[in-house]
Amino acid sequence: MSNVSHAINKTLDEILKKDKRTILLGEDLSTGGIFNISKGLYEKYGKSRVIDLPVGENTSLGIAIGMAMEGFHPIVEIMYADFLFLALDNIWMHLSQLPKVSKDKINLPVIIRVPYGSGNGDGYQHNATLYSIVFLIPNIYVFIPSNTSEFKQVFNIAHNLKKPSFIFEHRSLYNMKFRDENKKIKIGKANLVAEGNDISIIGVGLMVNVALKAIKKFKINADLINPISLNPLDLDTIAVSVKKTKKLLVIDDELPLQSYGNYIIASLLSKYHLEFKAEILGYDSLPLPYNIKKEKRSMPNENKIKKIINKMLKS
């Protein structure tokens with residue numbers, strides 16, 4: 001068993017070793033980065049392969065895009081998801097659209113690592129999610145792994161794609177240990193984590209683990225679907241499940257209003273013409289409390305999952 005932090009570090013090491021064009025970019029990477037993900041890589045590969053950048057997210061993305069245009073394969077870290085708004089200009093204008101505008105003469109093999117999520121007592125400026133915004137931007141892959149095996153595979157998939165890719169990393173997963181799984185990930189194919197007939201549950205990242213704990217603890221008879229990627233999104237697997245159960249619960253590390261679950265629900269109605277009950281379980285409100293105990297109480301948890309499912313099954 002290994003934790004997620006070690007799995008990412010080891011995978012980055014392997015990618016740097018096999019591909020001389022891969023460059024790591026970000027703040028404080030030479031000292032391991034704020035979450036120690038790049039620990040030891042500066043000493044091993046030097047300042048030309050692991051590059052410290054000043055604070056400035058839009059500049060960081062601009063540098064990565066420029067390097068990609070020159071044939072490099074940059075992996076850039078945005079220290080906290082909250083700061084993605086500062087980089088949206090380059091994400092929207094260039095990362096998303098430049099390859100298409102150039103009729104694919106320009107390729108941008110950029111991977112953006114985004115630590116995200118709440119539950120760590122870091123205050124409202126350091127607990128955002130924002131993948132529900134990024135996945136709506138066209139021509140960009142968006143991955144949200146939930147365990148060590150998924151993280152290892154997703155980084156290699158994104159590297160081999162040679163296309164703009166976001167990898168969102170819930171910070172509460174970094175120190176979690178998981179057994180290595182042999183199950184292979186397919187791009188755009190969801191993983192059915194648990195099977196049941198009463199309700200369909202969807203979660204990504206940390207929420208997959210929260211939902212699975214609830215299912216086991218309360219013996220919930222549910223399909224648990226882990227999309228792994230939001231772009232591409234495997235709506236077919238979700239539709240098959242919802243057609244069977246007639247009930248859908250999306251558990252998200254986000255306000256329900258901002259959740260990717262709204263897109264899924266709308267798609268199931270407009271594309272698949274399904275009739276079903278749906279709920280989104282997310283934060284109680286924003287901003288989340290700074291106090292870590294109050295913050296955790298504002299997030300989805302096993303008891304909240306049980307309560308909302310009981311309500312849906314009775315109605």
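# A tour from strand E10 outwards

Start by selecting Ile202, which has Val250 of E13 opposite it. The model is a predicted one, in which local features need pLDDT of at least 70 and side-chain atom pairs count only at pLDDT 80 or more, while totals for chains, interfaces and linings use all residues. Residue numbers start from 1 along each chain as its sequence is written, and side-chain values use heavy atoms, with hydrogens and water left out.

**The sheet around E10**

Extend the selection to strand E10 (residues 199-202) and strand E13 (residues 247-251), which run parallel and are joined by three bridges. Strand and helix labels refer to DSSP runs numbered from the N terminus: helices are H or I over at least four residues, and strands are E over at least two. Two strands count as paired if DSSP finds at least two bridges between them.

Next, add E11, which pairs with E10 in the parallel sense over four bridges. Here Ile201 has Leu224 of E11 opposite it. Show the side chains of E10: Ile199 and Ile201 point one way, Ser200 and Ile202 point the other way, and all are buried. Buried means under 20% relative accessible area, exposed means over 50%, and partly exposed lies in between (1.4 Å probe, protein chains only). In a regular strand, side chains alternate between the two faces of the sheet.

Now show the whole sheet, which is open, has five strands in the order E9-E11-E10-E13-E14, and has mixed pairing. Strands E9 (191-194) and E14 (277-281) are the edges, each pairing on one side only. From one strand to the next the twist averages 25°. Helix H8 (residues 206-218) packs on this sheet and touches E9, E10, E11 (222-226) and E13. The direction of H8 makes about 165° with that of E11. A contact requires heavy atoms within 4.5 Å. Axes are lines fitted to C-alpha atoms, for helices over the stretch in contact, and angles run from 0 to 180 degrees between N-to-C directions.

**Phe166 and the largest core**

Select Phe166 and Phe168. Of the 51 residues in the largest nonpolar core, these two touch the most other members. Helix H3 (residues 57-69) supplies the largest share of this core, five residues. A nonpolar core is a set of buried Ala, Val, Leu, Ile, Met, Phe, Trp, Tyr and Cys residues joined through side-chain atoms within 4.5 Å. In soluble globular proteins, nonpolar side chains tend to be buried together.

Beyond its neighbours within four places in sequence, Phe166 has contacts that include Leu84, Ile91, Val114, Val134 and Phe143. A separate second core has 47 residues, among them Tyr45, Val154, Phe178 and Ile308.

**Aromatic pairs**

The whole structure holds ten aromatic pairs. Rings of Phe, Tyr and Trp (its six-membered ring) pair if their centres lie within 6.5 Å; planes under 30 degrees apart are stacked, over 60 edge-to-face, and the rest tilted. Tyr80 and Phe83 form an edge-to-face pair, with 5.7 Å centre to centre and 75° between the planes. Tyr80 is buried at 8% relative accessibility. Phe166 and Phe168 are stacked, 6.0 Å centre to centre with 20° between the planes. Phe166 has a relative accessible area of 0%, and Phe168 is also at 0%. Add Tyr116, Tyr131 and Tyr260 to see the cluster that ring pairs form with Phe166 and Phe168.

**Ala158**

Move to helix H7 (residues 148-161) and select Ala158. Ala158 is buried, at 2% relative accessible area. Not counting residues up to four places away in sequence, Ala158 touches Ile111, Phe143, Ser165 and Ile167.

**Backbone exceptions**

Most residues other than glycine have a negative phi, and most peptide bonds are trans. Asn231 and Pro232 are joined by a cis peptide bond with omega about 5°. Pro232 is in the loop between strand E12 (229-231) and helix H9 (235-245). The bond from Leu286 to Pro287 is cis too, with omega near -5°, and Pro287 is in the loop between E14 and helix H11 (292-298).

Leu130 has a positive phi, near 70°. Look for Leu130 in the loop between strand E5 (111-116) and helix H6 (131-134). Asn139 has a positive phi of about 70° and is in the loop between H6 and strand E6 (141-143). Are these two residues buried or exposed? Leu130 is buried at 8% relative accessible area, whereas Asn139 is partly exposed at 38%.

**Zooming out**

Show the full protein: twelve helices and 14 strands. Its C-alpha trace spans about 60 × 45 × 40 Å along the principal axes. Of the 315 residues, 57% are buried.
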